[in-house]
Amino acid sequence: MRSEPVEGVGATGVLYLVSTPIGNLEDITLRALRILKEVSLVAAEDTRHSRKLFSHYGISTPLTSCHQHNEAGKGEQLLATLLEGRSVALISDAGTPGIADPGYRLLCRCLEAGIEVVPIPGPSAVITALSVSGLPTDRFTFEGFLPAKKQARLAQLAALQQESRTLVFYEAPHRLLATLKDMAEVCGESRLAVVARELTKMHEELFRGTLAEALERFSSARVRGEIVVLLGPAPSIEEEPTETVQEALLRLHRETGLTRRQLVKRVAKDFGLPGDEVYRESLSLPELGKD
Ligand code: SAM
């Protein structure tokens, strides 16, 4: 077990990146609760939001705000606190800080300054959704939020269309339908999709089906809540033909009774080859008979 640095003993404090619940308040580790109680200061994305968690668990550590609009300036203040030898925990509104949330800049600044950074792992919507999706989990790519503008969204999807790994996106409820439509347009209606809504909450929903079925499910009523959309891997490009031109000619000759010219025409079409090339190949097969 990792022993935690005792506050104030080291020359500098420790920055803890603490994961908090993505809905259900019980989804927090014992270690996270202890760290949140022991540090000097907790930097939270939205202090009002985090107070609910704090009051649920009787945590009275001072809170300060650190969000995308003040991360640069606030980062310097937090760094000063850490350099004085006091430890700080960074939390976001939900899940793991830095994952589609503030934290990255502060982390880099602390690493530059030689401050120890310790992760306190816990929930993240991307892993929670992927784990129950039923889509391949051995290889996946997390794309965060797609662009809000249609053209940019279509372009990004087009770049991902042939992706052979499972794709994971975060999406806002009011954009879900438009995004599913764009996904169907670019990736085809038969691509497998999963919509994970309100994970760990009272109205948790896991929709699994094709994009066509997802469009049917989510076009009827206004969609609410927090959403992760996953796409299955692109179907692999058609495999190389397993038989040669001559083998195909002979097989079709056995199966159909077509004349040599008809066989040549059919095989040329199947293989995407010029007719005269296939005809030349057929000349070494006397069993095909006359023209
Ligand atoms: N840092 C968070 C994490 O580790 O998952 C993500 C923060 S990001 C600003 C918020 C987005 O995460 C939501 O818009 C939604 O796409 C996804 N999300 C968060 N909680 C969720 C939940 N309970 N169910 C489904 N998606 C969720």
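In this predicted model, the largest pocket is the site in which the ligand sits. Two domains contribute to the shell around the ligand: domain 1, spanning residues 14–123, and domain 2, spanning residues 126–231. Because both domains give residues to this shell, the ligand lies between them. At the level of secondary structure, at least two shell residues are supplied by strand 7 (166–171), and at least two by strand 10 (227–231).

The ligand is surrounded by 19 residues, of which Ile99, Asp101, Ser124, Tyr170 and Ile227 come nearest. Classified by type, the shell consists of eleven nonpolar, five charged and three polar residues.

Polar atoms of the ligand are paired with both side-chain and backbone atoms of the protein. An N or O atom in the side chain of Asp101 is found 2.7 Å from a nitrogen atom of the ligand. An oxygen atom of the ligand lies 2.7 Å from a polar side-chain atom of Ser124. In the case of Glu171, the backbone provides the contact, with an N or O atom 3.4 Å from an oxygen atom of the ligand. On its own, the ligand has 570 Å² of accessible area, and the protein covers 90% of this area.

Terms used:
Residues numbered from 1 in each chain as written. Predicted model: local features only at pLDDT ≥ 70, side-chain atom pairs only at ≥ 80, totals over all residues. Heavy atoms only, no water. Near = heavy atom within 4 Å. Polar contact = N/O pair within 3.5 Å; in protein donor to acceptor, adjacent residues only side chain to side chain. Areas by Shrake-Rupley, 256 points an atom, 1.4 Å probe, with all protein chains shown as cover. 1 Å grid on protein atoms, 1.4 Å probe; cavity = no way out; pocket = protein on both sides within 12 Å on 5 of 7 lines; lining within 4 Å. Sits in = over half its atoms within 2 Å of the grid points. Helix = DSSP H or I, 4+ residues; strand = E, 2+ residues; numbered from the N terminus. Nonpolar A, V, L, I, M, F, W, Y, C, P; charged D, E, K, R; others polar. Domains from an automatic or database assignment.
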